[in-house]
Amino acid sequence: YRGVALLLGASALLVTAATFAPHLNAAVKGTPFVVSAGAIYGAGFLLSVASAFVGGAITQKTVFALLFVGINMLLMLLSAYGTANVVISSLVTAMVIIAAASYLGGRISTDTRNWGPLLVGGLLLVLLAELLNAFVFQAKPAEVALSTVAIVLFTAFTVYDVDTRSRGYCRFNCCLEGAFEVWINFASIFLRAQD
């Protein structure tokens, strides 16, 4: 929980600063985002491929750090162009949902390991539907409905991640993996809550 709190706190500070600090707001808007984010995600992808052959916690931590920087750049960019009221309400909503889901995940008595395939399948269907709506239908009600379904899915993912990691089901470092996965869920909920 300490790792989750640190990641969420850092993202909340960056988002708030990008929204309200005039100089940082202007700097974020002036940054060639596609180039910088592409470089970060490219490096993260190459490191994750390398970790499949080399392995080790240091490589995984480096991948997590790069993704943390890259996703926070995306959050800051959207916040810099967004309305302050919408950004803050989305941030508070995401924080409350993550806190409640993390608490539930730590207290749930049911073993949630069998949730994984269902949640991944549901998320893939939502992403496919979002792509179809973005490029074909372009319907605002469908966009809002899909965002709501995605928020519910990421809330369930948070319960699942906290429960499975607290039971020791992880690849190399349960604390690091769990904190990062919960933070990814927070970022996804925050992005969807702005729709």
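Rings of Phe, Tyr and Trp, the last through its six-membered ring, count as a pair if their centres lie within 6.5 Å. By this rule the predicted model holds six aromatic pairs. The legends below visit two of them, along with some other close-up views.

**View 1. Phe-64 and Phe-180 form a stacked pair.** A pair of aromatic rings is described by the distance of the centres and the angle of the planes. Here the centres are 4.4 Å apart and the planes meet at 15°; planes under 30 degrees apart count as stacked, so this pair is stacked. Phe-64 belongs to helix 4 and Phe-180 to helix 8, so the pair ties together parts that are 116 residues apart in sequence. Both rings sit on buried residues: Phe-64 has a relative accessible area of 13%, and Phe-180 has one of 8%. Look around them too, for Phe-64, Phe-68, Phe-180 and Trp-183 form one aromatic cluster.

**View 2. Phe-154 and Phe-157 form a tilted pair.** The two rings are 6.3 Å apart, centre to centre, with 35° between their planes. Both residues lie in helix 7, three residues apart, so about one helical turn separates them. Phe-154 is buried, at a relative accessible area of 8%, and Phe-157 counts as buried at 11% relative accessibility.

**View 3. Trp-183, Phe-186 and Phe-190 touch the most other members of the largest nonpolar core.** In soluble globular proteins, nonpolar side chains tend to be buried together. The largest core in this model has 31 residues. Helix 1, helix 4 (57–81), helix 5 (84–107), helix 6 (115–137), helix 7 (140–166) and helix 8 (174–193) each contribute at least two of its residues. Helix 8 gives the largest share, with eight residues. To follow one member, start at Phe-190: leaving aside residues up to four places away in sequence, Phe-190 touches Val-15, Leu-75, Ser-79, Val-87, Ser-90, Leu-91 and Ala-94. Another core, of five residues, lies apart from the largest one, and among its members are Ala-18, Val-28, Met-76 and Ala-80.

**View 4. Helix 1 and helix 2 pack roughly perpendicular to each other.** Two packed helices are described by the angle between their axes and the distance between the axes. Helix 1 spans residues 2–20 and helix 2 spans residues 22–30; their axes are 6 Å apart and make an angle of about 95°. Angles of 65 to 115 degrees count as roughly perpendicular, and these two helices are therefore described that way. On the helix 1 side, the contact is made by Ala-17, Ala-18, Thr-19 and Phe-20, while helix 2 offers Pro-22, Leu-24, Asn-25 and Val-28. Sorted by class, this contact has six nonpolar residues, two polar ones and no charged ones.

**View 5. Gly-116 is a buried residue of helix 6.** The relative accessible area of Gly-116 is 9%. Which distance in space separates Gly-116 from Tyr-160? From C-alpha to C-alpha it is 7.5 Å, although the two are 44 residues apart in sequence.

**View 6. Gln-138 has a positive phi.** Most residues other than glycine have a negative phi. The phi of Gln-138, however, is near 55°. Where does Gln-138 lie? Its place is in the loop between helix 6 and helix 7. Is Gln-138 buried or exposed? With a relative accessible area of 60%, Gln-138 is exposed.

Methods: Residues numbered from 1 in each chain as written. Predicted model: local features only at pLDDT ≥ 70, side-chain atom pairs only at ≥ 80, totals over all residues. Heavy atoms only, no water. Axes fitted to C-alpha atoms, helices over the stretch in contact; angles between N-to-C directions. Helix = DSSP H or I, 4+ residues; strand = E, 2+ residues; numbered from the N terminus. Parallel < 35°, antiparallel > 145°, perpendicular 65-115°, else oblique. Contact = heavy atoms within 4.5 Å. Nonpolar A, V, L, I, M, F, W, Y, C, P; charged D, E, K, R; others polar. Core = buried A, V, L, I, M, F, W, Y, C linked by side-chain atoms within 4.5 Å. Buried < 20%, exposed > 50% of the residue type's maximum accessible area, 1.4 Å probe, protein only. Phe/Tyr/Trp six-rings, centres within 6.5 Å; stacked < 30°, edge-to-face > 60°.
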